[in-house]
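Colleague: I've got the file open and I'd like to go through it with you. Can we take it one question at a time?

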Amino acid sequence: MANEPRDPMPLEEPMFILGNGEVYRNQTEIKMSQIVLPCHANYCGELSAGQLLKWMDSTACLSAERHAGCSCITASVDDIHFETTIGVGQVVNITAKVNRAFTSSMEVGILVSCEDLFSDRQWKVCHAFATFVARRTEAGKVQLKQVIPRTQAEQMEYSLAAERRRMRLIHAEIINDLLSSCSSQTVSECLDYQEAVPAERTRVESVELVLPPHANHQVSTFGGQIMAWMENVATISARCTYKKYNIYKMYIFLILDLFIIFV
Ligand SMILES: CC(=O)SCCNC(=O)CCNC(=O)[C@H](O)C(C)(C)COP(=O)(O)OP(=O)(O)OC[C@H]1O[C@@H](n2cnc3c(N)ncnc32)[C@H](O)[C@@H]1OP(=O)(O)O
């Protein structure tokens, strides 16, 4: 089953004791725990990815701001692979810390685990990397203070962060190159698939009005909210490829209905 723990973790994290005997705690580390309520779940009764992305973004933003000492914004989030689902009543634990600061940007590592309070088990859900940028001031671009890695794990993340940054900055160029060089699949190739669904039928559009509940402490739409909207639309689009199309039309209708109530 998808929500069975495949990667059990100890509940207590080891304390870091440095070579000189000093007990060390990373100052940029932020931990957030949430119990999953029905209002956080999707139609399957599992935590919706959009809600989880919102929590991850908020936790990572606090970590970035603690390091930067000023207001920060989400620039990007790398690929995320969700390894297990999270059910209603389970606890989501999110830990974020700054792996490395560059000039005005920094990489924040985010670890999500799930905890079953009644069985004392905890397992990994995903590990993600987000880039946050310190907002420009009137004086111009902010120069962040550097991160000093103290433990072996931090040193490893510090080194990898530079490589990941290089990869994410060339990612957009690679995608553009691919788009300009690839030839489109011919219609006859697509017709080989049985029960193919016209691409147009999977097209879903959503119009969202930005309201105060969608804003963060900087009074701007926070990245997690945008990711949640994207995930919602993508879920509906993906489900449109299913045969039971009528059920999903009802789902879309419900969402439009909600939108009208918000307005
Ligand atoms: C759309 C939304 O409302 S989402 C909600 C929250 N997020 C936002 O509002 C972010 C909107 N985006 C922006 O404001 C801008 O695109 C920014 C600030 C992210 C980047 O602006 P730019 O004009 O490219 O600024 P600039 O070239 O100075 O880059 C700033 C830093 O961001 C980094 N950066 C820019 N784009 C990316 C990216 N896609 N991924 C990772 N890092 C990035 C740059 O490498 C640079 O890092 P450095 O200062 O450490 O060298």
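Colleague: Let's begin with a loop residue: is D120 buried or exposed?

Modeller: Keep in mind that this is a predicted model. D120 sits in the loop between β7 (105-116) and β8. A residue needs over 50% relative accessible area to be called exposed. D120 has 55% relative accessibility, so the word for D120 is exposed.

Colleague: And what is its backbone doing, say the phi of D120?

Modeller: Most residues other than glycine have a negative phi. D120 isn't a glycine, yet its phi is positive. The value for D120 is near 60°.

Colleague: What about V219: buried or exposed?

Modeller: V219 also has a positive phi, near 60°, and isn't a glycine. Its place is in the loop between α3 (187-191) and α4. With a relative accessible area of 70%, against a cut-off of over 50%, V219 comes out as exposed.

Colleague: How far is S220 from A75 in space, C-alpha to C-alpha?

Modeller: S220 is found in the loop between α3 and α4, and its relative accessible area of 24% makes it partly exposed. Along the chain, S220 and A75 are 145 residues apart. Their C-alpha atoms are separated by 14 Å.

Colleague: How accessible is Q146?

Modeller: Q146 lies in the loop between β8 and α2. From E22, Q146 is 124 residues away in sequence and 21 Å away in space, C-alpha to C-alpha. Q146 counts as partly exposed because its relative accessibility is 41%.

Colleague: Now the whole chain: how many helices and strands does the protein have?

Modeller: Read along the sequence, the pattern goes β-β-β-β-α-β-β-β-β-α-α-α-α. Of the 263 residues, 37% count as buried. The count is five helices and eight strands.

Colleague: What does UniProt list for residues 26-138?

Modeller: In the model, that stretch is 18% helix and 43% strand. Its end C-alpha atoms are 30 Å apart. The UniProt entry, an unreviewed one, gives those residues as "domain: HotDog ACOT-type".

Colleague: On to the ligand: which residues come nearest to it?

Modeller: There are 19 residues around the ligand. By type, they divide into seven nonpolar, eight polar and four charged. The ones that come nearest are T103, S104, S105, K141 and R165.

Colleague: Which side chain has a polar atom 2.6 Å from an oxygen atom of the ligand?

Modeller: Three serines are worth a look here. The side chain of S76 has an N or O atom 2.9 Å from a nitrogen atom of the ligand. For S105, an N or O atom of the side chain is 2.7 Å from a ligand oxygen. The one at 2.6 Å from an oxygen atom of the ligand is S104.

Colleague: How much of the ligand's accessible area does the protein cover?

Modeller: On its own, the ligand has 970 Å² of accessible area. The part covered by the protein is 57%.

Colleague: Which element gives the most residues to the shell around the ligand?

Modeller: The elements that give two or more residues are β5 (72-77), β8 (121-134), α2 (152-181) and α4 (223-239). With four residues, the top contributor is β5.

Colleague: Last one: where does the ligand lie with respect to the domains?

Modeller: Domain 1 covers 1-181 and domain 2 covers 195-263. Both give residues to the shell around the ligand, so the ligand lies between domain 1 and domain 2.

Conventions. Residues are numbered from 1 along each chain as its sequence is written. This is a predicted model: local features need pLDDT of at least 70, side-chain atom pairs count only at pLDDT 80 or more; totals for chains, interfaces and linings use all residues. Side-chain values use heavy atoms; hydrogens and water are left out. A residue is near a molecule or strand if one of its heavy atoms lies within 4 Å of it. A polar contact is a pair of N or O atoms within 3.5 Å; within protein, one must be able to donate a hydrogen and the other to accept it, and residues adjacent in sequence count only if both atoms are side-chain atoms. Accessible areas come from the Shrake-Rupley method with a 1.4 Å probe; for residues, only the protein chains shown count as cover. Ala, Val, Leu, Ile, Met, Phe, Trp, Tyr, Cys and Pro count as nonpolar, Asp, Glu, Lys and Arg as charged, and the others, Gly among them, as polar. Domain bounds come from an automatic or database domain assignment. UniProt positions are given in the numbering used here, feature names are shortened, and annotations may be inferred rather than shown by experiment. Buried means under 20% relative accessible area, exposed over 50%, partly exposed in between (1.4 Å probe, protein chains only).
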